[in-house]
Amino acid sequence: MTAPIFLTPVLHEKIWGGTALRDHFELNIPSDTTGEAWIISGHPNGVSPIDSGVYAGKTLAQLWHEHPELFENHDVSRPYPLLVKFLDAHKDLSVQVHPGDEYAAEHNNGELGKTESWYILAANEGAEIYYGHQAQTKAEFDQMVDAGDWNHLLKKIPVTPGDFFYVPSGTLHALGAGVVALETQQSSDVTYRVYDFDRPDPKTGELRELHLTDAKNVTQVPFKPETPQQTVLQVGALKETTLVEAPYFNVYKDEVDGEAFLTKQAPYTQYTVIEGAGQVVVNGVAYPLELATSFIMPALVEEWMFEGKMTLIASTPGLKSR
C-alpha cells in the first residue's frame, strides 16, 4: 500500500470530560462529558477503524498483524505499540501514575507499561497540570499519600498552548481543569489512581477505586523531571520542531506554509492535523487534510508532499517500539 492510512477516532466518556472535542475539532461526541478521542490506536479498549481506501472496514490492529510490511513489523505477536489521543480535561483528571513494561506485564495481564507525552492544544487562563511531587524519600512519599497531604505532596505547573511535557512511567501526573491536549503514548490502558479529589462517580454514586499499593511501588522518588531539548529545523515550507526523541516514541511538530517535501525517516509516521488545513500528496494523488484528521504514512511510502497552511503533530516509534 503506497497511500496514507486514514483513521476514525474512538470516543470515550469520562467524569472529567466536556465538549471541547466538539468545540475545537467538530468531532461528533456522544455526550457533554466526552473526555478522550483515541485517534490512532491499536489497543483493544479503543481500536481505530480504517476510514477509507483498500483497507476500509478493517482496524489498525488487523493491519498491524495481517500486513506487517506496512509498518516494517517483524513480530506480529506483539500489539501495535503506540497510541495517540485528544484529551479534554473539562475538570481535573485523577492524579495517577503508570508502571513500566516489566511491572505492567507482571501485574496487569501482560499489558505494556505507559510512558506518555502531552502537547497542550488549549488552556484556559490560569490552567495548570499536576506534574511530579515534593517527597524526597519513599518513606516520606508513602506517609504523605497515606495522610492525604496533597497540598504539600503534589507539584503544579501553569500551562499555555504550545507547551510540551514528557511523562515517563513512574511520574505522578494529571491534566488540570481547562486543558485540551494531544497525548502520544505507549499502547497501554494501565492507570494507578492515587487521588481523585474525593468525587463520586455519577453512574454509581461511589468513590472511584484508588490503587495506592501499586502507585507506591512504581512512583519515582524523588521526582526528577525530564525536559527534552527541543530543536527547530526549517527546510523550505516546513518548520519542524523536535519535541522529544525517546526510547518508546519520537514526537515532532510540523508547521507547513506552502509546499513541503518529506522523505521516509522511520518505519512509519503517525500524523494529526491540529491547526489549519491542506493536503498530502503521495505518488501524484492528493488527499485532503482537515483539522483533526489523523493518518499513518506506511513503510512502503518513501516520500510525500504537504501542501497548505497547517500544523501537524507527528510521531514515530522509538527503538523500544520497533
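This report describes a sheet, the nonpolar cores, the aromatic pairs and some backbone features of a predicted model.

**Sheet**

Six strands form an open sheet with antiparallel pairing, in the order S2-S3-S4-S11-S6-S9. The edges are taken by strand S2 (10–18) and strand S9 (164–167); each has a single partner strand, so one side of each has no neighbour in the sheet. On average, and with direction ignored, neighbouring strands of this sheet are turned by 25 degrees against each other.

Within the sheet order, S11 and S6 are listed next to one another. Strand S6 (residues 116–123) and strand S11 (residues 179–186) run antiparallel and are joined by 7 bridges. Opposite Trp 118 stands Glu 183, a residue of S11.

**Nonpolar cores**

The largest nonpolar core consists of 39 residues. Phe 71, Tyr 80, Phe 86 and Ile 296 are the residues with the most contacts inside this core. A second core, separate from the largest, has 35 residues, including Phe 165, Leu 175, Ala 215 and Val 218.

Which residues does Phe 86 touch, when those up to four places away in sequence are not counted? Among them are Leu 21, Phe 25, Leu 27, Ile 39, Leu 121, Ala 181, Leu 182 and Ala 292. Gly 35, Glu 36, Ala 37 and Thr 272 are also touched by Phe 86.

**Aromatic pairs**

The whole structure contains 20 aromatic pairs. Two of them are set out below.

| Pair | Arrangement | Centre to centre | Angle between planes |
|---|---|---|---|
| Phe 25 and Phe 86 | stacked | 4.1 Å | 5 degrees |
| Trp 64 and Tyr 268 | edge-to-face | 6.3 Å | 75 degrees |

The stacked pair links distant parts of the chain, with Phe 25 in helix H1 (residues 20–25) and Phe 86 in strand S4 (residues 82–89), 61 residues apart. Both Phe 25 and Phe 86 are buried. Strand S4 is itself a member of the open sheet.

The edge-to-face pair also links distant parts of the chain, 204 residues apart. Trp 64 belongs to helix H2 (residues 60–66), while Tyr 268 is in the loop between strand S15 (249–263) and strand S16 (269–282). Trp 64 counts as buried because its relative accessibility is 1%, and Tyr 268 is buried with a relative accessible area of 2%.

Ring pairs also join Phe 6, Tyr 271, Tyr 287, Phe 295, Trp 304 and Phe 306 into a cluster.

**Backbone features**

Where does Ala 292, one of the residues in contact with Phe 86, lie in the chain? Ala 292 is in the loop between strand S17 (285–289) and strand S18 (294–297). Phi of Ala 292 is positive, near 80 degrees, and the residue is not a glycine. Is Ala 292 buried or exposed? Its relative accessible area is 12%, so Ala 292 is buried.

Asp 198, another residue other than glycine, has a positive phi of about 55 degrees. Asp 198 is placed in the loop between strand S12 (192–195) and H6. Asp 198 counts as exposed because its relative accessibility is 60%, whereas Ala 292 is buried.

Helix H6 (212–218) is followed in the chain by a loop that leads to strand S13 (231–235), and Pro 222 lies in this loop. The peptide bond from Val 221 to Pro 222 is cis, and its omega is near -10 degrees.

How values were computed: Residues numbered from 1 in each chain as written. Predicted model: local features only at pLDDT ≥ 70, side-chain atom pairs only at ≥ 80, totals over all residues. Heavy atoms only, no water. Pairing = 2+ DSSP bridges. Helix = DSSP H or I, 4+ residues; strand = E, 2+ residues; numbered from the N terminus. Axes fitted to C-alpha atoms, helices over the stretch in contact; angles between N-to-C directions. Core = buried A, V, L, I, M, F, W, Y, C linked by side-chain atoms within 4.5 Å. Buried < 20%, exposed > 50% of the residue type's maximum accessible area, 1.4 Å probe, protein only. Contact = heavy atoms within 4.5 Å. Phe/Tyr/Trp six-rings, centres within 6.5 Å; stacked < 30°, edge-to-face > 60°.
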